[in-house]
Amino acid sequence: RMEAILKMMEDTFSTSGNSDMRPNTISYVTAIDSFVRQKHENAAERAQATVDRMIKLYRLNQGHVKPTKIVLNTLIHAWSKSDKPNSAEKAEQIFKWMETQHRNGDELLRRDEITICAVLNAWANQAKTGGATRAQKIWELTKSVSLEKRGFPLTINMPNIVINAIAKSGDLQAAQKAEAVLLSVESDFEEGRQ
């Protein structure tokens with residue numbers, strides 16, 4: 001029903017231009033989040049279709065709301081909760097698309113800690129099939145970017161997700177790898193790196 005209401009709002013605004021019927025960022029985030037909370041079987045796919053529609057409508061240049069980091073972070077979160085085999089890849093594709101758009105001048109799509117954590121969680125949920133390794137690589141890449149270029153300080157949330165992914169990986173060297181991440185975080189803290 002919620003999806004039908006959102007589509008009705010989109011159609012009404014497209015045909016009439018009535019700004020009172022224009023869905024806004026909150027409308028889209030609520031829709032995407034509701035798919036995940038209701039645990040629909042195809043929640044991530046439905047969330048993706050909603051965002052794809054949002055992007056398509058915005059590109060028509062009729063006054064539809066522009067997708068923002070909040071919308072895309074919520075979509076990445078939806079993929080991170082999916083149990084589909086390619087969900088982490090989908091989450092990372094959105095992340096990379098956001099980076100490309102930001103490099104092209106779209107400040108509304110500049111990644112933040114929530115973006116990175118959502119992608120790390122997507123990979124952590126596939127820890128046993130290479131996800132832990134991929135999460136660790138994303139974390140290392142994030143750390144290597146300067147604070148100015150990255151746009152946000154590092155917090156303990158990201159390495160905690162990576163350590164959790166390593167712990168769930170089933171890797172025989174998991175304890176040593178998790179400890180190495182922890183020691184690296186401690187060293188960065190002591191050296192004042194962020």
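**Entry 1: leucine 182**

I began with leucine 182, which I found in helix α10, the helix formed by residues 174–191. I kept in mind throughout that I was looking at a predicted model. Is leucine 182 buried or exposed, or does it fall in between? I noted that leucine 182 counts as partly exposed, because its relative accessibility is 39%, and the partly exposed class runs between the 20% and 50% limits. I then looked up how leucine 182 lies relative to glutamine 62, and I found that their C-alpha atoms are separated by 50 Å, with these positions 120 residues apart along the chain.

**Entry 2: the protein as a whole**

I stepped back to the overall fold and counted ten helices and zero strands, so that, reading along the sequence, I wrote the pattern as α-α-α-α-α-α-α-α-α-α. For the extent of the C-alpha trace I wrote down about 60 × 35 × 20 Å along the principal axes.

What share of the 194 residues is buried? I recorded 43% for the protein. I also looked up the contacts between residues at least 6 apart in sequence, and I found that 63% of these join residues at least 24 apart. The protein exposes about 10,900 Å², and I noted that carbon and sulfur atoms supply 52% of that area. Turning to charge, I found 27 positive and 24 negative charges, and the mean positions of the two sets are 4 Å apart.

**Entry 3: helix α4, at lysine 69 and serine 80**

I went on to helix α4, which covers residues 69–81, and looked up two of its residues, lysine 69 and serine 80. Lysine 69 counts as partly exposed because its relative accessibility is 22%, whereas serine 80 counts as buried because its relative accessibility is 4%.

Which residues does lysine 69 touch, not counting those up to four places away in sequence? I listed Met98, Leu108, Leu109, Arg110, Arg111, Asp112 and Thr115. For serine 80, leaving aside its neighbours within four places in sequence, I listed contacts with Ala118, Asn121, Ala122 and Asn125. I also noted that the C-alpha atoms of lysine 69 and alanine 31 are separated by 15 Å, while the two residues are 38 residues apart along the chain.

**Entry 4: two loops**

I looked next at asparagine 61, which lies in the loop between α3 (43–59) and α4. Asparagine 61 is exposed, because its relative accessible area is 71% and the exposed class begins over 50%. What is unusual to look up here is the backbone angle, as most residues other than glycine have a negative phi. Asparagine 61 has a positive phi of about 60°, although it is not a glycine.

The other loop I looked up lies between α9 (157–168) and α10, and aspartate 171 is found there. I recorded aspartate 171 as partly exposed, with a relative accessible area of 31%. Its C-alpha atom is separated by 31 Å from that of tryptophan 97, and the two residues are 74 residues apart along the chain.

**Entry 5: threonine 30**

Where does threonine 30 lie? I found threonine 30 in helix α2, which is made up of residues 25–37, and I recorded it as partly exposed, because its relative accessibility is 45%. From threonine 30 to isoleucine 163 I read 31 Å in space, C-alpha to C-alpha, with the two residues 133 residues apart in sequence.

**Entry 6: rings and a charge**

I closed with the aromatic rings. How many aromatic pairs are there, if the ring centres must lie within 6.5 Å? The count comes to zero aromatic pairs. I did find a charge placed over a ring, since the charged end of arginine 150 sits over the ring of phenylalanine 152, at 5.8 Å from the ring centre, and the limit for this arrangement is within 6 Å.

Technical notes. Residues numbered from 1 in each chain as written. Predicted model: local features only at pLDDT ≥ 70, side-chain atom pairs only at ≥ 80, totals over all residues. Heavy atoms only, no water. Phe/Tyr/Trp six-rings, centres within 6.5 Å; stacked < 30°, edge-to-face > 60°. Lys NZ or Arg CZ within 6 Å of the ring centre and 35° of its normal. Helix = DSSP H or I, 4+ residues; strand = E, 2+ residues; numbered from the N terminus. Buried < 20%, exposed > 50% of the residue type's maximum accessible area, 1.4 Å probe, protein only. Contact = heavy atoms within 4.5 Å. Areas by Shrake-Rupley, 256 points an atom, 1.4 Å probe, with all protein chains shown as cover. Lys, Arg positive; Asp, Glu negative; His and termini not counted. Charge placed at Lys NZ, Arg CZ, Asp CG, Glu CD.
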